[in-house]
Structures are given as C-alpha cells and as structure tokens.
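Please take a moment to look over the model below, with its sequence alongside. The paragraphs that follow move from the chain as a whole to its aromatic rings and then to a patch on its surface.

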Amino acid sequence: MQNHEIDYRIIGEEMQYVEVELDPNETAVAEPGAFMMMEDGITMQTIFGDGSNQNNGLLGKLFSAGKRMLVGENLFMTAYTNVSAGKKHVSFAAPYPGKIIPLDLNRLGNKVICQKDAFLCAAKGVSIGIEFQRKLGTGLFGGEGFIMEKLEGGGMAFVHACGHVEQKELQPGELLKIDTGCIVGFTATVQYDIQFVGGIKNTLFGGEGVFFATLRGPGTVWIQTLPISRLAGRILQYATFKRKEEGSVLGGLGNLLDGDGW
C-alpha cells in the first residue's frame, strides 16, 4: 500500500502535540487516546492493526493487530480521513512530558526500530510491527526485552519520548555506550547490543545497572534524557516512602508547617 503524504506542525515545548494537515481523501492513523482535536470534515474509523493491510482479509488484520499487542500497543487504532473538498487539520498529543519526534521513513531507509509503546501517529500505510533481538544476552538484559517496535514504510511517522531528545549521527564503526532506558530509536543500519559494566564496585554500588547498551554505526540514533520508567519509579518512591528532607532542620515539622505532611 502506498503511504499517504501528510504535512505537519509540532507545537509546544514540554507538553507537545502534532498538528497533521490532511488533503482530501488523505488518512492518518493514531493510537487510541492520542486524539486532541480536529476540524469539521474529518471522519473517524476504528480499525484493526495499523491500517497498512486493510485489504488482506480477516487473518491479515488479526496478525497485524497481534503484532501490535506484542510491542505494548493497542489492538485497535483510529483512522482519521479528510472527506471534505479542502485541507483539514487533526491534532494528536503526547501522553507525558517530553518531545514528539517526526520520522520521515523515506529518508531513514524505510525502517526505524524504537522502544515499545513509543508510537503516537503516522500517515496511513506505515506498518507498525515487531523487531526481535536475535542475541540471547541482548534480549534478556537489554532493557527492552526480546521485542522492540518496528516502523516501516515510506511516509511520516511520529513517536514520543520523555524529557529532552538528542539526535546523533553515528559514523561507520563509531560506538556509543548508553543506558538501555535512554534509547528512543535507531535506524536499521545501527547494530544494537548490550555490554557488562564490569567491576564489582560498579556492579554493587554504581547505581547505573549491571549492563548498558552499545550502538554501533553507521546510522541515526535518538536518545531521551528521562526514561518514563525512571520518572515513574521516582514518583512511586516519593509517594510510598517516608520523605527524606534535604537540607531541612525542621524535618517532619517542616512538612506540617508547609502543608505537605497531611
């Protein structure tokens, strides 16, 4: 299926959304819950899978939907089609603070591998599938497990990440060592593996985990400063354990005075 060609604008800083411009009969697909707003003249339709194989029969649709479930995405997606005679706009919002990353798959080798649950929306025709990690060690200790998300096609796709996002271009043979949770995605030419940190003190007291990821070029890599799992862990720790007052002589009394101890 030929990808629909869509124009877009990314709006905002910390809490971004992407505004997609649809020509007549153009369609964008998005995760359930990503919808923010749209203009009159756009219709919504719930579909199985990613919409890239709607003419392949029931088994094809079920297989596509099943692949999405393996990478943590929803069984259904929503298709937004412009049925009017002029250009119309539909907007999708990121689910947490961070950045929305536009991916022009035509310029990225028609394939990008990214962390599970990163997909936000795309032009109809982009396929959202699974990417198995072939090495046992990478699958067991790579942070993302054996299965990662794979975006394929020739159109625009949008993924979201937590915190600030840095894009790096790796030269042939260039090696980058990175925390496994900080990887947002990389092009298919990048070699992904894991490496043992090494050293008993690093392992027991380093606080950075036992393994980190290695990415070897050539290719493009997207890195996030704050993995959502790390943010959620800090919030959970703060909410469920007794607060440690940093620099406060009053301690618990200070909590009562400023209203945080109730």
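The protein chain holds 5 helices and 19 strands, in what is a predicted model. Of its 262 residues, 44% are buried. Contacts that span the sequence are also worth a look: among those between residues at least 6 apart, 76% join residues at least 24 apart. The accessible surface of the chain comes to about 14100 Å², and carbon and sulfur atoms account for 56% of that area.

From the overall picture we can turn to the aromatic side chains, which form 4 aromatic pairs in the structure. One of these brings together Tyr-8 and Phe-158, whose ring centres are 5.0 Å apart and whose planes meet at 75°, so the pair is edge-to-face; the angle that counts for this class is one over 60 degrees. The two partners come from distant parts of the chain, since Tyr-8 belongs to strand β1 (residues 7-11) and Phe-158 to strand β13 (residues 156-162), 150 residues apart. Their surroundings can be described separately: Tyr-8 has 35% relative accessibility and therefore counts as partly exposed, whereas Phe-158, at 0%, counts as buried.

Another pair is formed by Phe-35 and Tyr-80, with ring centres 5.6 Å apart and planes at 15°, so these rings are stacked. Because Phe-35 lies in strand β4 (residues 35-38) and Tyr-80 in strand β6 (residues 76-82), the pair ties together parts that are 45 residues apart in sequence. Tyr-80 counts as buried because its relative accessibility is 2%, while Phe-35, with 34%, counts as partly exposed. The pairing also extends to a further ring, as ring pairs link Phe-35, Tyr-80 and Phe-92 into a cluster.

Phe-35 leads on to the surface as well, and which residues join it in a nonpolar surface patch? Its companions there are Met-36, Met-37, Met-38 and Met-44, and together with Phe-35 they make a patch of about 430 Å². Strand β4 gives the most to this nonpolar patch, with 4 residues. Met-36, which is found in strand β4, has 38% relative accessibility and so counts as partly exposed. Phe-35 thus appears in two settings, as a member of the ring cluster with Tyr-80 and Phe-92 and as a contributor to the nonpolar surface patch.

Methods: Residues numbered from 1 in each chain as written. Predicted model: local features only at pLDDT ≥ 70, side-chain atom pairs only at ≥ 80, totals over all residues. Heavy atoms only, no water. Helix = DSSP H or I, 4+ residues; strand = E, 2+ residues; numbered from the N terminus. Buried < 20%, exposed > 50% of the residue type's maximum accessible area, 1.4 Å probe, protein only. Contact = heavy atoms within 4.5 Å. Areas by Shrake-Rupley, 256 points an atom, 1.4 Å probe, with all protein chains shown as cover. Phe/Tyr/Trp six-rings, centres within 6.5 Å; stacked < 30°, edge-to-face > 60°. Patch = residues over 30% accessible without salt bridge, like charges linked within 9 Å, V, L, I, M, F, W, Y side chains within 5 Å. Salt bridge = Lys/Arg side-chain N within 4 Å of Asp/Glu carboxyl O.
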